[in-house]
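Here are a few short exercises to help you find your way around a new structure. Try each one yourself before reading the worked solution.

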Amino acid sequence: MRQPLVAGNWKMNGSKADAADLVNGIKAGAAKVQKAEIAVCPPFPYLQLIEGLLAGSNIRWGSQDVSNESDGAFTGQVSARMLKDFGCTYAIIGHSERRMFNAESDALIAKKYDQALAAGLTPVLCVGESLEEREHGKTEEVVARHLDAVLEGAGAKAIGLGVIAYEPVWAIGTGVTATPEQAQEVHAFLRQRIAAKSQAEAEAVRILYGGSMKPGNAMELIGQADIDGGLIGGAALKSSDFLAICAAA
Ligand code: 3PY
């Protein structure tokens, strides 16, 4: 029913040459990926290069962020319309690194989500708790707050038009991965919360797991009932690892 999605979040890594090598490597192996939809999210300066290299392939690309404004005097920001203009499909929104290092609030993230949808992009809304929050039994409270910022404002239909990525902060860049059971529990919670507003949107929306997903754990994680793919960090920077995750999905 739900086609798995494996999206690589390259973060602020690599050079122009690295970006070209990586995407060419992914392109070369993509034919062996049977089921999953593949997407890459390179840094902004390389998007146009990647768009050219991916022309004619069925690999999609996305941005790692988008402005909460449509246009105007917002130095340094990139609008959803600009991204859509030259073929962008996805926009990662509310990644924990942006919540942490750029002080992005739920209200701001909800505006970015609206901008992405209005321009015809598919927002990938990141939600997830810190280690301290998990240890204090606050996981559901935190991911509910992150989800509700969009669900309560834009509504279940808007959530159904996007993708959700559950990324426990304690599993990002630490090498520690949530167990399949821990991840499934949160994914099921998120889906039930959407189902309380709309069963159809809850069944349709893809919920990805992110946080140290790698070739060795991808199959078990994505094999869980409510895990529909991955948002991949470090392992997305090596085409063989990324392709192995895509093949496992
Ligand atoms: C990670 O796996 O490190 C990520 O943050 C993916 O977005």
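**Exercise 1.** In this predicted model, work out which residues of strand 4 point one way and which point the other way.

*Solution.* Start by locating strand 4, which covers residues 90-93. Next, follow the side chains: Tyr90 and Ile92 point one way, while Ala91 and Ile93 point the other way. Finally, check their surroundings: all of these residues are buried.

**Exercise 2.** Find the strands that are joined to strand 4 by bridges, and say what stands opposite Tyr90.

*Solution.* Begin with strand 3, residues 60-63: two bridges join strand 3 to strand 4, and the pair runs parallel. Here Gly62 stands opposite Tyr90. Then turn to strand 5, residues 122-127, which is joined to strand 4 by four bridges and also runs parallel to strand 4. In this pairing, Thr122 stands opposite Tyr90.

**Exercise 3.** Name the handedness of the β-α-β unit that includes helix 3.

*Solution.* Trace the unit from strand 3 through helix 3 (residues 80-85) to strand 4. This β-α-β unit is right-handed.

**Exercise 4.** Decide whether Ala7 is buried or exposed, then look for what Ala7 touches.

*Solution.* First, place Ala7 in strand 1, residues 5-9. Now count: Ala7 is buried because 28 C-beta neighbours lie inside 10 Å, and the cut-off for buried is 20 or more. Leaving aside residues up to four places away in sequence, the contacts of Ala7 include Gly62 and Tyr90, which you met above, as well as Val124. Last, compare sequence with space: Ala7 and Gly210 are 203 residues apart along the chain, and their C-alpha atoms are separated by 9.6 Å.

Note on methods. Residues are numbered from 1 along each chain as its sequence is written. This is a predicted model: local features need pLDDT of at least 70, side-chain atom pairs count only at pLDDT 80 or more; totals for chains, interfaces and linings use all residues. A residue is buried if 20 or more other C-beta atoms lie within 10 Å of its own, exposed if 12 or fewer, and partly exposed in between; C-beta atoms are placed from the backbone. Two strands pair if DSSP finds at least two bridges between them. A crossover is right-handed if, with the strands pointing away from the viewer, the path from the first strand over the helix to the second runs clockwise. Two residues are in contact if their C-beta atoms, placed from the backbone, lie within 7 Å.
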